[in-house]
Amino acid sequence: MRNPDLVNQPCLSLFEVLKNNSWRSNKAKKSFCQKFNNKNRSSSLPTLVGGANGGSEIVKMWKDCFKGILNSENSANGSAESVEHSIDCKENYLGLEMRICSFVSLALLLQKLPLNKAPGPDCISAEHLLYADESLRFFLSEQFSMCIVHRYIPNSCLNTTIAPICKNKNGNMSDTSNYRPVAVATVVSKLLEHFILSNISSFLGTTDNQFGFKAGHSTDQCTFLLKQTASYFVTHGSSVHAVFLDASKAFDRVLHMKLFEKLIQRKAPMCFVRLLKHWYKEQTMQIKWGKHFSELFHVSNGVRQGEY
């Protein structure tokens with residue numbers, strides 16, 4: 001039920017309202033406040049990276065770097081025409097029930113959000129939604145339903161912040177190759193991603209030969225199989241030859257239209273394909289380096305990597 005004390009309060013910041021009224025226990029309150037304060041403590045960053053000196057110059061350098069990478073691939077014209085035709089074809093929507101987001105399904109999806117993560121560009125974290133009044137879940141479920149029906153996502157959910165994270169703090173902190181990009185999106189957009197995935201996951205099956213990026217699997221299994229195979233042939237006096245392929249910046253160079261084309265070929269519900277197409281077309285990104293932020297820029301290839 002709706003908490004009348006929460007509804008009748010004067011306008012406060014979301015954090016203050018949740019802090020004062022929506023906690024399940026004093027232990028949860030103490031734990032959340034500690035995590036919230038820790039997230040807002042700025043860590044020391046190098047002042048010289050990639051030849052750029054100072055925060056404002058470094059964030060500009062990173063922007064030029066990632067903007068070039070995320071706009072480096074030519075769009076597949078053939079795939080674009082095929083995707084547009086499938087989306088515009090009314091026959092693809094015949095007999096298709098719109099997957100409307102319900103209050104119950106949203107409550108279950110909230111439990112899947114990872115906690116103790118950095119807040120997004122709107123300074124809202126998963127804990128805010130998890131401990132908020134139940135009325136918020138109703139409004140979010142209505143919003144997600146409208147997003148699906150009208151193929152539209154609010155601008156606040158389209159912006160993603162890229163934070164370069166150092167791979168090896170004992171290495172050369174001024175070397176750009178010692179950093180990896182981590183995407184920080186709004187928690188509402190993450191929740192929408194979970195909802196979309198819950199409806200199309202049955203269309204995303206992979207072969208038994210895939211070990212990475214797959215639930216219940218890891219590359220340890222693949223490594224064990226490789227070692228056992230090599231050991232068998234070496235033990236029996238044979239030579240073993242292996243070829244390794246390292247696809248450089250594979251996630252950053254994914255063609256969006258090819259991705260949508262694959263979803264269509266797998267018969268994924270068209271309402272979600274067209275929503276994802278709108279999302280990828282209109283999304284913007286910016287770089288965060290300490291307290292410095294770059295200007296927003298659009299991207300034409302690549303997918304978001306990780307979150308923290």
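Helix α8 is home to F139, and this residue is a handy place to start a tour of the predicted model. With a relative accessibility of 49%, F139 is classed as partly exposed, because that label covers values between 20% and 50%. F139 also has company at the surface: together with F103, V104, L108 and F138, this phenylalanine makes a nonpolar patch of about 510 Å². Two helices, α6 (residues 103-110) and α8 (residues 135-150), each bring at least two residues to the patch. Of the contributors, α6 gives the most, with three residues.

Attention now turns from the surface patch to the pockets. The largest pocket holds about 1,800 Å³ of space, and its lining is made up of 37 residues. Readers wishing to find the centre of this pocket in the structure above can look for L197, L204, Y280, V303 and R304, the lining residues that lie nearest to it.

Several secondary-structure elements take part in the lining. Strand β4 (179-184) and the helices α10 (187-200), α12 (256-265) and α13 (270-282) each supply at least two residues. The largest share comes from α10, which provides six residues of the lining.

What is the lining of the largest pocket like by class? It has 21 nonpolar residues, alongside eight polar and eight charged ones. Among the residues nearest the centre, L197, L204, Y280 and V303 belong to the nonpolar class, whereas R304 counts as charged.

Conventions. Residues numbered from 1 in each chain as written. Predicted model: local features only at pLDDT ≥ 70, side-chain atom pairs only at ≥ 80, totals over all residues. Heavy atoms only, no water. Patch = residues over 30% accessible without salt bridge, like charges linked within 9 Å, V, L, I, M, F, W, Y side chains within 5 Å. Areas by Shrake-Rupley, 256 points an atom, 1.4 Å probe, with all protein chains shown as cover. Salt bridge = Lys/Arg side-chain N within 4 Å of Asp/Glu carboxyl O. Helix = DSSP H or I, 4+ residues; strand = E, 2+ residues; numbered from the N terminus. Buried < 20%, exposed > 50% of the residue type's maximum accessible area, 1.4 Å probe, protein only. 1 Å grid on protein atoms, 1.4 Å probe; cavity = no way out; pocket = protein on both sides within 12 Å on 5 of 7 lines; lining within 4 Å. Points joined across faces, edges and corners; volume = space filled by probe spheres on them.
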